[in-house]
Amino acid sequence: MELKMGYVILYAESLERTKHFYGELLGLKLRNEFGTYIEYDTGSTILSFNTREGGREVTGLPIPDGLRKEQTFELGFVTEEVEAAVDKLKSAGVPVLLEPVEKPWGQKVAYVEDPDGHYIEICSPIG
């Protein structure tokens with residue numbers, strides 16, 4: 001059996017804030033929108049969002065309300081222009097958690113926070 005990552009779904013409080021951040025600020029292309037569920041093209045994996053209420057309705061899972069501050073994952077977006085991407089986000093009022101720094105392995109990395117508190121890594125390609 002071979003499994004491939006098809007999509008990631010994050011739960012959001014506000015689809016409008018989510019669409020502004022991922023669509024307008026990050027420039028991702030909206031792929032589908034069905035009620036409270038949206039998808040963005042990100043390459044070979046689809047990035048999806050649903051409202052917390054919509055997620056509970058569809059899955060029956062006990063998805064909590066409100067912003068979550070505990071972090072167990074991050075989303076990474078790769079670009080050759082890390083500083084420019086971070087400057088654009090910063091000028092739009094997006095919280096910058098870590099300004100661009102060069103890691104020992106040569107990769108430039110920065111972190112911002114999306115409207116729901118998810119950690120977003122903006123980084124250069126490795127190698």
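Which residue does the side chain of D65 meet in a salt bridge? The partner is R56, with N and O 3.1 Å apart. Before I go on: this is a predicted model, and what I say about it is computed from that model.

Let me stay with charges for a moment. Side chains of opposite charge can pair when their charged atoms come close. In the pair I opened with, D65 is exposed, at 53% relative accessibility, while R56 is partly exposed, at 27%. The structure holds eight salt bridges, and I will go through some of them.

Take E13 and R52. Their closest N and O atoms are 2.8 Å apart, and they form a salt bridge. E13 sits in the loop between β1, residues 7-12, and α1, residues 15-25, while R52 belongs to helix α2, residues 52-59, so this pair ties together parts that are 39 residues apart in sequence. Is R52 buried or exposed? R52 is buried, with 6% relative accessibility. E13 is partly exposed, with a relative accessible area of 36%.

Another salt bridge joins K90 and E99, where the closest N and O atoms are 2.9 Å apart. K90 is partly exposed at 37% relative accessibility, and E99 is partly exposed at 37% as well. There is also a network of salt bridges, which links R31, E39 and D41.

Now the sheets. Strands of a sheet pair through backbone hydrogen bonds, either parallel or antiparallel. One open sheet here has four strands, in the order β1-β4-β3-β2, and its pairing is mixed. At the edges are β1 and β2, the latter being residues 29-34, and each of them pairs on one side only. Neighbouring strands in this sheet are turned against each other by 20 degrees on average, ignoring direction.

Inside that sheet, look at β3, residues 37-41, and β4, residues 46-51. These strands run antiparallel and are joined by five bridges. If you want one bridge to find on the screen, Y37 has N50 as its partner in β4.

Two helices go with this sheet. Helix α1 lies across β1, β2, β3 and β4, and it runs at about 5 degrees to β3. Helix α2 lies across β1 and β4, running at about 95 degrees to β4.

Which residues of α1 are buried? They are L15, T18, F21, Y22 and L25. To read that list, it helps to know that an α-helix has 3.6 residues a turn, so residues three or four places apart point the same way. Just after α1 comes G27, which takes a positive phi of about 80 degrees.

There is a second open sheet, also to be read strand by strand. Its four strands come in the order β5-β8-β7-β6, with mixed pairing. β5 and β6, the latter being residues 96-102, stand at the edges with a single partner strand each, so one side of each has no neighbour in the sheet. The twist from one strand to the next averages 20 degrees. Within this sheet, β6 and β7 pair in the antiparallel sense over four bridges, and L98 stands opposite Y111 in β7. Helix α3 lies across β6, β7 and β8, at about 165 degrees to β6.

That leaves the interior. In soluble globular proteins, nonpolar side chains tend to be buried together. The largest nonpolar core in this model has 21 residues, and those with the most contacts inside it are F21, Y22, L47, F49, F77 and I120. The elements that each supply at least two residues of this core include β1, α1, β5 (74-78), α3 (82-91), β7 (108-113) and β8 (119-123). Which helix gives the most to this core? It is α1, with four residues.

Two residues to click on before we finish. L47, not counting residues up to four places away in sequence, touches V8, L10, Y22, L28, I38, E39, Y40, T42, L75 and F77.

The other is L89, in helix α3. L89 is buried, at 0% relative accessibility. Leaving aside neighbours within four places in sequence, L89 is in contact with F21, L25, L26, V94, V112 and I122. Of these contacts, consider V112: L89 and V112 are 23 residues apart in sequence and 8.1 Å apart in space, C-alpha to C-alpha.

That is what I have; I can take questions.

Conventions: Residues numbered from 1 in each chain as written. Predicted model: local features only at pLDDT ≥ 70, side-chain atom pairs only at ≥ 80, totals over all residues. Heavy atoms only, no water. Salt bridge = Lys/Arg side-chain N within 4 Å of Asp/Glu carboxyl O. Buried < 20%, exposed > 50% of the residue type's maximum accessible area, 1.4 Å probe, protein only. Pairing = 2+ DSSP bridges. Axes fitted to C-alpha atoms, helices over the stretch in contact; angles between N-to-C directions. Contact = heavy atoms within 4.5 Å. Core = buried A, V, L, I, M, F, W, Y, C linked by side-chain atoms within 4.5 Å.
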